[in-house]
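Q: I'd like a close look at one part of this model, and then a walk outward from there. Could you take me through it at an easy pace?

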Amino acid sequence: MLDQRFKSSLWRAVCVLALFAAPVVMPAHAVGPNDWMSFNKPNTGAVDRNFIRRWEANPPPGYPTLSPGNIAATDAAIKRYELIVKGGGWKELPSDQLAMGSNGPAVEDLRDRLKLSGDLQDESWMPQHFDYYLEKAVKRFQASNGLAPTGIVDKRTRAALNVSAEVRLRQLKLGLKRLKEYTRHTAKGRYVVVNIPAAQIEAIENDRVVSRHAGVVGKTDRKTPLLTSSIHELNFNPIWRLPPTVISQDLIPKGRQMQRAGQSVLVKYGIDAYDGEGRKVDPEKINWNSSRPHALSYRQKPGEGNPMGFLKINFHNGHSVYMHDTPSDSLFGRNFRAASSGCVRVQNIEQLATWLLADQGSWDRSRVDEMKAKVKREDVRLKKPVRLYFAYITAWATEDGVVQFRRDLYLKDGVGRDVASY
């Protein structure tokens with residue numbers, strides 16, 4: 001009788017063969033919007049921070065997250081992962097950092113892990129050596145898990161690799177259910193989707209990604225809400241009306257702190273306060289330790305320090321959230337971008353605005369750029385509102401067979417904290 005260890009190894013081999021025999025095209029041979037996953041430049045062994053920032057801030061177009069074509073692809077991915085789970089899943093990788101040139105049993109474990117998920121198809125006569133082909137597989141895995149493709153198995157990559165196959169299967173099943181809620185409406189026409197776990201924004205036209213943008217979404221204690229609406233208005237160089245959460249959790253505590261130091265938060269940041277009758281209040285007469293600051297409203301004029309930057313995108317919703325530009329774009333270059341109070345900041349919002357204004361006659365990119373450069377104040381209502389979805393998709397597959405996972409930022413999947421720890 002075969003011993004249990006040999007049975008397990010044999011079953012894993014069967015799983016790998018089954019994955020490679022699947023009718024979908026595997027990630028290593030992706031053709032189309034995911035061509036960028038065919039990485040050819042070898043890694044020097046050092047982490048290139050500038051590359052990471054550029055990658056995160058300027059994501060490639062890829063496939064639409066809410067494409068109807070993702071239904072069949074995700075269903076096929078579920079079947080593949082059911083095979084992996086039935087075969088015992090994959091081993092947890094040790095805490096070693098691995099990169100091109102590394103050697104040892106951990107490298108062989110990494111190979112086995114990436115073969116099972118379909119990221120590695122090349123066999124090696126030196127399985128314990130980290131070679132060029134393994135590096136390409138690591139980059140493919142990183143890109144399909146929302147990580148910068150450095151080819152280095154660092155702490156964050158290892159955490160993603162060590163999420164169990166069982167958990168990934170449960171996420172895919174959840175992802176399929178969530179996708180079906182949207183795909184009845186996303187085959188044709190124009191829409192914008194914010195996939196909150198990915199912290200990315202897609203402009204979609206007839207099931208094709210026109211542009212993809214890095215975004216900054218709500219903190220875990222100030223979550224960006226799920227919603228369906230339509231973009232109906234763009235405010236160029238808007239006045240910022242501070243929302244209640246910002247007033248109570250940011251402005252007032254900062255006002256108290258600066259008051260103790262003999263300074264005024266309103267004067268320093270160019271914010272005006274108004275009473276209930278709309279009269280402007282002298283900032284020097286506000287006692288931030290009293291209840292009065294809670295009864296005031298606050299506005300900040302357009303300009304360099306305005307947190308909304310030069311553009312605010314409006315859509316009807318019951319959460320007082322919107323999409324907007326930002327005067328500081330450093331967060332776009334980070335992998336973890338949950339840092340707002342619930343609104344969504346958009347990288348390269350000029351491109352998105354130009355696309356939204358395509359049916360507005362004389363509005364082109366040069367006019368949008370002029371509005372930014374000259375700080376012109378103007379509100380533009382769209383002749384044709386554009387559908388908008390704030391979605392929460394952590395696992396899905398695209399029609400080329402690439403299986404995508406993103407961190408469960410707000411722990412909505414109910415599968416534990418491991419899927420949010422990288």
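How many nonpolar, polar and charged residues are there in the lining of the largest pocket?

A: Keep in mind that this is a predicted model. Counted by class, the lining of the largest pocket comes to 17 nonpolar, 11 polar and six charged residues. That lining is made of 34 residues, and the ones nearest the pocket's centre are Trp240, Val246, Asp250, Pro307 and Arg345. Among the elements, α8 (244-260), α9 and β11 (338-340) each give two or more residues to the lining. The top contributor is α8, with six residues. As for volume, the largest pocket has about 860 Å³.

Let's step from the pocket to the strands. Trp240, one of the residues nearest the pocket's centre, has a number that falls within strand β5 (residues 240-241), and β5 pairs with β8 in the antiparallel sense over two bridges. Arginine 241 has arginine 299 of β8 as its bridge partner. Strand β8 itself covers residues 297-300 and has two faces: Tyr298 and Gln300 make up the covered one, while Ser297 and Arg299 make up the uncovered one. So much for β5; β8 also has β6 as a partner, again antiparallel, with four bridges joining the two. There, tyrosine 274 has serine 297 as its bridge partner in β8.

Just ahead of β6 you'll find glycine 270, sitting in the loop between α9 (265-269) and β6 (271-274). Is this glycine buried, exposed or partly exposed? Its relative accessibility is 40%, so glycine 270 counts as partly exposed. Setting aside residues up to four places away in sequence, glycine 270 touches Arg299, Gln300 and Lys301. Take arginine 299 from that list: it is 29 residues away from glycine 270 in sequence, yet the two C-alpha atoms are 8.8 Å apart in space. Arginine 299 is also the β8 residue that partners arginine 241, and it belongs to the uncovered face of β8. Gln300, another of the residues touched by glycine 270, belongs to the covered face.

Now for the enclosed spaces. The structure holds three cavities of 30 Å³ or more. In the largest cavity there is about 420 Å³ of space. Its lining has 34 residues, with Ala143, Gly146, Ala198, Gln200 and Arg406 nearest the centre. The elements giving two or more residues to that lining are α2 (49-57), β2 and β3 (209-218). By class, the lining of the largest cavity splits into 18 nonpolar, 10 polar and six charged residues.

The second largest cavity has a volume of about 100 Å³. It is lined by 13 residues, and Tyr81, Ser117, Asp119, Ser144 and Val403 lie nearest its centre. Here α5 (132-144) and β15 (403-405) are the elements that give two or more residues to the lining. That lining is divided into seven nonpolar, three polar and three charged residues.

Since β2 came up with the largest cavity, follow it to its neighbour. Strand β2 (residues 200-205) runs antiparallel to β1, and six bridges join them. The hairpin they form has four residues between the strands, and in it alanine 199 takes a positive phi near 50°. Strand β1 (residues 190-195) is mostly covered, with six of its six residues buried. Arg190, Val192 and Val194 point one way from β1, while Tyr191, Val193 and Asn195 point the other way, and all are buried. On its other pairing, β1 goes with β13 (residues 378-391) in the parallel sense, over five bridges. Tyrosine 191 shows up in both pairings: it stands opposite isoleucine 204 in β2 and opposite arginine 387 in β13.

One last stop ties back to the largest cavity. Glutamine 171 lies in helix α7 (residues 165-182). With a relative accessible area of 0%, glutamine 171 is buried. Leaving out neighbours within four places in sequence, its contacts are Thr394, Ala395, Phe405, Arg406, Asp408, Asp413, Val415 and Val419. Arg406 in that list is also one of the residues nearest the centre of the largest cavity.

Terms used: Residues numbered from 1 in each chain as written. Predicted model: local features only at pLDDT ≥ 70, side-chain atom pairs only at ≥ 80, totals over all residues. Heavy atoms only, no water. Buried < 20%, exposed > 50% of the residue type's maximum accessible area, 1.4 Å probe, protein only. Contact = heavy atoms within 4.5 Å. Pairing = 2+ DSSP bridges. 1 Å grid on protein atoms, 1.4 Å probe; cavity = no way out; pocket = protein on both sides within 12 Å on 5 of 7 lines; lining within 4 Å. Points joined across faces, edges and corners; volume = space filled by probe spheres on them. Nonpolar A, V, L, I, M, F, W, Y, C, P; charged D, E, K, R; others polar.
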